[in-house]
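Q: Could you take a close look at one strand in this model and at what surrounds it along the chain? I would like a connected account that I can follow with the coordinates open.

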Amino acid sequence: MSAGNAISGKIKVFIADDSAFMRTALGRMIDSDPTMMVCGSAQSGQEALDKIGKLQPDVVTLDVEMPGLNGLETLKRIMRDSPRPVIMVSSLTQEGAETTLEALELGAFDYLPKQSSFVSLDIVKIRDDLIAKVKAAAESGKRRKMMPKVAPGAAKTAVPAKTAHHVPATMVALGTSTGGPKALQEILPMLPGDLAVPVVIVQHMPKGFTGPFARRLDTLCKVTVREAEQNDQLEAGTVYIAPAGQHLTFARRSANSKATIRLGPLPENSLHMPSVDVMMLSAAETFKSLCMGVILTGMGADGAKGMGAIQKEGGITVGQDEASCTVYGMPRSAAEMGVVQRVVPLQQVPEQIMQITHYKRRA
């Protein structure tokens, strides 16, 4: 067997980073998985563009900060000239967070937070995170090539018969991960400013990212969007983004009082913090049948148990369909558990929220 045939089935990854140490560290992590290989690397944006066109990698990892042509400019050109899944590697700073969010808006698949040192106790977690994201990116790239082009109006046929729901939901609990920032930037601006319910969102993100993300969304939306704080009282027409590094739950003194947000480290054994499941389980317990659960694009299964709890209490559950997902992981897990009552394309999620909360446009 020739060397070419031996590696032809592997996911080809291209690494663009101005740091030789980072190129080596990322390369070793990628090569440690038998299903993928590093097909090339570059230390500048222009060099990356020249090589990507020739090597045709399945996935690119791209440093946000590079000399000459920076990460964002390089990303724009990749998306214009040779579109493929790109994972941004960014620093855990406010500036890094804002640049990463802009990259996601420009079409980046996902991002990997750059630790202060990759020689740390978290090296195994970083490696596992990188490999999972590369595999999801490669799968997404294949799926989008195979997916037939659908006319904008045609997606409406994917909506199932309406589930009877006579009592309007009084809050929306929404969970998402990979692909979520772009998805939320598409759908939240479609919600009316006079929405009669609060929306609480868990978006998997590293510390320092959720604040800038909430501020970015707030500039795009008619509803108010902000990062949730301890003891926030839930208000209609406000979207609360759960802060990274803390679980978000709910409490209220009586059935007639407004619910408040509680932030904390428990449970400690959760894979994600914040966790969609933790938030939704608390929402189901607090709001009972008046809770609406929404699960959007993301890797893994976080949110499936929470959606099940909402359904069990009599609330309505909505999942994003496979065709419009960046990664059909979290919605798939919930659907396979039988806890998604309505499956709709991303663009129809706002319509579902308004329908299930009985939104009435004010004169």
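The strand chosen is E12, and the answer starts there before turning to loops, salt bridges and a charged patch.

A: The model is a predicted one, and side-chain atom pairs are considered only at pLDDT 80 or more. Strand E12 covers residues 291-295, and it is mostly covered, since five of its five residues count as buried. Looking along the strand, Cys-291, Gly-293 and Ile-295 point one way, while Met-292 and Val-294 point the other way, and all of these are buried. This fits a general pattern, because in a regular strand the side chains alternate between the two faces of the sheet.

The neighbours of E12 can be taken in turn. Strand E6, made of residues 171-176, pairs with E12 in the parallel sense over five bridges. Within this pairing, Ala-173 stands opposite Gly-293 of E12, and Gly-293 belongs to the group that points the same way as Cys-291 and Ile-295. Strand E13, residues 316-320, also pairs with E12 in the parallel sense, here over four bridges. In this case Met-292 stands opposite Ile-316 of E13, and Met-292 is one of the two residues, with Val-294, that point the other way from E12.

Moving back along the chain from E12, one comes to the loop between helix H9 and E12, where Lys-288 is found. Lys-288 has a positive phi of about 55° although it is not a glycine. Lys-288 counts as partly exposed because its relative accessible area is 40%, whereas the five residues of E12 are buried.

On the other side of H9, which spans 276-287, lies the loop that connects it with strand E11, residues 260-264, and Pro-267 is part of that loop. The peptide bond that joins Leu-266 to Pro-267 is cis, with omega about 0°. Pro-274 lies in the loop between E11 and H9 as well, and the bond leading to it from Met-273 is again cis, with omega near 10°.

A positive phi also occurs at Asn-231, where the value is about 70° although the residue is not a glycine. Asn-231 sits in the loop between strand E8 (224-227) and strand E9 (238-241), and with a relative accessible area of 48% it is partly exposed.

Another loop worth following runs between strand E14 (342-344) and helix H12 (349-356), and Gln-347 has its place there. Gln-347 counts as partly exposed, at 43% relative accessibility. Its C-alpha atom is separated by 8.9 Å from that of Ala-183, although the two residues are 164 residues apart along the chain.

The charged side chains add a further layer to this picture. Side chains of opposite charge can pair when their charged atoms come close. With a cut-off of 4 Å between a side-chain nitrogen of Lys or Arg and a carboxyl oxygen of Asp or Glu, the count comes to twelve salt bridges. One of them links Glu-73 and Lys-76, at 3.2 Å from N to O, and both residues lie in helix H4 (residues 71-81), three residues apart, or about one turn of the helix. Glu-73 is partly exposed at 31% relative accessibility, and Lys-76 is likewise partly exposed at 36%.

Arg-127 and Asp-128 form another salt bridge, in which the closest N and O atoms are 2.9 Å apart. Asp-128 is partly exposed, with a relative accessible area of 40%, and Arg-127 is partly exposed with 26%.

Asp-129 in turn forms a salt bridge with Lys-133, the closest N and O atoms being 3.6 Å apart. Both belong to helix H6 (residues 123-146), and because they are four residues apart they are separated by about one helical turn. Asp-129 is partly exposed at 26% relative accessible area, but Lys-133, at 9%, is buried. Salt bridges that share partners bring Asp-110 together with Asp-129 and Lys-133 in one network.

Finally, there is a negative surface patch, formed by Asp-18, Glu-65, Glu-95 and Glu-98. Of these residues, Glu-98 has its place in helix H5, residues 94-106. Glu-98 counts as partly exposed because its relative accessibility is 35%.

Methods
Residues numbered from 1 in each chain as written. Heavy atoms only, no water. Patch = residues over 30% accessible without salt bridge, like charges linked within 9 Å, V, L, I, M, F, W, Y side chains within 5 Å. Areas by Shrake-Rupley, 256 points an atom, 1.4 Å probe, with all protein chains shown as cover. Lys, Arg positive; Asp, Glu negative; His and termini not counted. Charge placed at Lys NZ, Arg CZ, Asp CG, Glu CD. Buried < 20%, exposed > 50% of the residue type's maximum accessible area, 1.4 Å probe, protein only. Pairing = 2+ DSSP bridges.
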